[in-house]
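Hi everyone, thanks for making the time. I'd like to walk you through one model today, strand by strand, so please have it open in front of you.

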Amino acid sequence: MMSSSFGTLFRITTFGESHGPGIGGVIDGCPPGISLEETDIQPQLDRRRPGQSTLTTSRNEPDRVRILSGVEDGKTLGTPLTLYMDNKDVRPADYREFSRVPRPSHADFTYRLKYGVQSKSGGGRAGARETAVRVAAGAVAEKILFSFFGTQIVAWVSAVGTVSWGTAEPERVTRAQVDRHPVRCPDGVWAGKMVRAIQKARDKGDSLGGVITCVCRNVPGGLGEPVFDKMEARLAQAMLSVPACKGFEIGSGFAGTRMFGSKHNDAFIRRDGRLKTKTNFSGGVQGGITNGEPVYFRTAFKPTATIAIPQETVDVDGSPVTLKGAGRHDPCVVPRAVPIVESMAALVILDMAMMQRARGRG
């Protein structure tokens, strides 16, 4: 048994392996009557797809999504919505030697421990290929959120390795600014520094990690299910389920531990006819419930595990092996992870909004 489903009322179940015939997902709970076509989903997939710049893997997957069920005459039916993408550029032979040599920091060893077998097609379910389905489902969720609430979700790369750009005003960054640079940092100067850092690591056969910042604007207040399904708890689960994600913080995050409460507290003011907060160190969530302010958070991604530098390790019998990475991989995952973070945020927020509406409060 494997947990391949996410969400409560708006629920997605994904399927397929990295180098299998294809990947896809089924969405349960999509409201009826929503205008939806494949062209609504494709732009986000194009932002995630491999081979889009010299900073990413050379694997060439068009990621053309097909809607197989749940839509008729351009409108959702309220029935299960099935999304599917063919795998075109598969090379399972690249991974045959790894059937006996667990790759350092990959899921090869742990999948063997859990299931007694591992996929021979690259990372299988553990690889980043699976995230294309999340992005497709997230694009559907984003469209519904924008239609109902005007919600807009924008993520960007705020750090690569030791190169960190932390001067952004989350409420002002736009997706167009983010996409101006292949590394997906809105600031041209810092984007250039990040690109050079990635290129330097790639040329040495190494890899880098990084940080993605995300802001969700026009999120209705009152979303979140205390005690165990708080908004930040569900967002953390969503982000930490993304391959290579190793950290999550919301609002002031760890930096808030260095502040006094008198400075950190978000005092209330009256603006535009309603209560708002003067500051937003809470990241738009208080007591696990959204307060109507922008929700913003950061996610940390580790360096890509596959590298070209030879590594001393052992095979499944414990015999010493010198392993050199094979296959096609990103020297830094964060530029392509931006739409994944946005999509997972959309899935959480829409699910929470539907739960709130179900109790007659949305």
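Let's begin at β1 and β2, which run antiparallel and are joined by two bridges. When I say strands, or helices, I mean DSSP runs numbered from the N terminus: E and at least two residues for strands, H or I and at least four residues for helices. Two strands count as paired if DSSP finds at least two bridges between them.

A word on where this comes from. It is a predicted model, so local features need pLDDT of at least 70 and side-chain atom pairs count only at pLDDT 80 or more, while totals for chains, interfaces and linings use all residues. Residues are numbered from 1 along each chain as its sequence is written, and side-chain values use heavy atoms, with hydrogens and water left out.

Back to that pair. Ser-5 has Thr-13 in β2 as its bridge partner. The two strands make a hairpin with four residues between them, and in the turn Gly-7 has a positive phi of about 110°. Moving on, β2 pairs with β3 in the antiparallel sense, over five bridges. There, Phe-15 has Gly-24 in β3 as its bridge partner. This second hairpin has six residues between the strands, and Gly-16 takes a positive phi near 110°.

Which residues of strand β2 are on its covered face, and which on the uncovered one? Ile-12 and Thr-14 are on the covered face, while Arg-11, Thr-13 and Phe-15 are on the uncovered face.

From β3, residues 22-28, six bridges lead to β7, residues 81-86, again antiparallel. If you want one pair to look for, Ile-23 is opposite Met-85 in β7. Put together, this gives an open sheet of five strands, with antiparallel pairing, in the order β1-β2-β3-β7-β4. β1 (5-6) and β4 (66-69) are at the edges with a single partner strand each, so one side of each has no neighbour in the sheet.

Next, helix α1, residues 38-48. Its buried residues are Ile-41, Gln-42, Gln-44, Leu-45, Arg-47 and Arg-48. Here buried means under 20% relative accessible area, exposed means over 50%, and partly exposed is in between, using a 1.4 Å probe and protein chains only. The cover over these residues includes β4, β7, α3 (131-149), α4 (175-178) and α8 (334-358). Take Arg-47, which is found in this helix: Arg-47 is buried, with a relative accessible area of 7%. Its C-alpha is 15 Å from that of Glu-130, a residue 83 positions apart along the chain.

Now the other sheet I'd like to show you. It is also open and antiparallel, with five strands in the order β9-β8-β10-β16-β11. Its edge strands are β9 (163-164) and β11, each pairing on one side only. Look at β16: six of its seven residues are buried. Seven bridges join β16 to β10, running antiparallel. Val-215 has Tyr-296 in β16 as its bridge partner, and Val-211 has Ala-300. Five bridges join β16 to β11, residues 245-250, also antiparallel, and Phe-248 stands opposite Thr-299 there.

This brings us to the second largest pocket, which holds about 310 Å³ of space. Of its 14 lining residues, the closest to its centre are Gly-166, Ala-168, Pro-170, Thr-213 and Arg-298. β8 (152-160), β10 (210-217) and β16 (295-301) each supply at least two residues of the lining, and β8 gives the largest share, three residues. For the method: on a 1 Å grid over the protein atoms alone, a pocket is an open set of points where a 1.4 Å probe fits, with protein on both sides within 12 Å along at least five of seven lines, and lining residues have an atom within 4 Å of a point.

Last topic: cysteines. How many disulfides does a search of the whole structure find? Zero, taking a disulfide as a pair of cysteine sulfur atoms within 2.5 Å. The sulfur of Cys-185 is 12 Å from the closest cysteine sulfur, in Cys-332, which is too far for a bond. Cys-245 is in no disulfide either, with the nearest cysteine sulfur, in Cys-214, 12 Å away. Both cysteines are buried: Cys-185 has a relative accessible area of 0%, and Cys-245 has 7%.

That's my tour, thanks for listening!

Definitions and conventions:
Contact means heavy atoms within 4.5 Å. Grid points are joined across faces, edges and corners, and a volume is the space filled by probe spheres set on the points.
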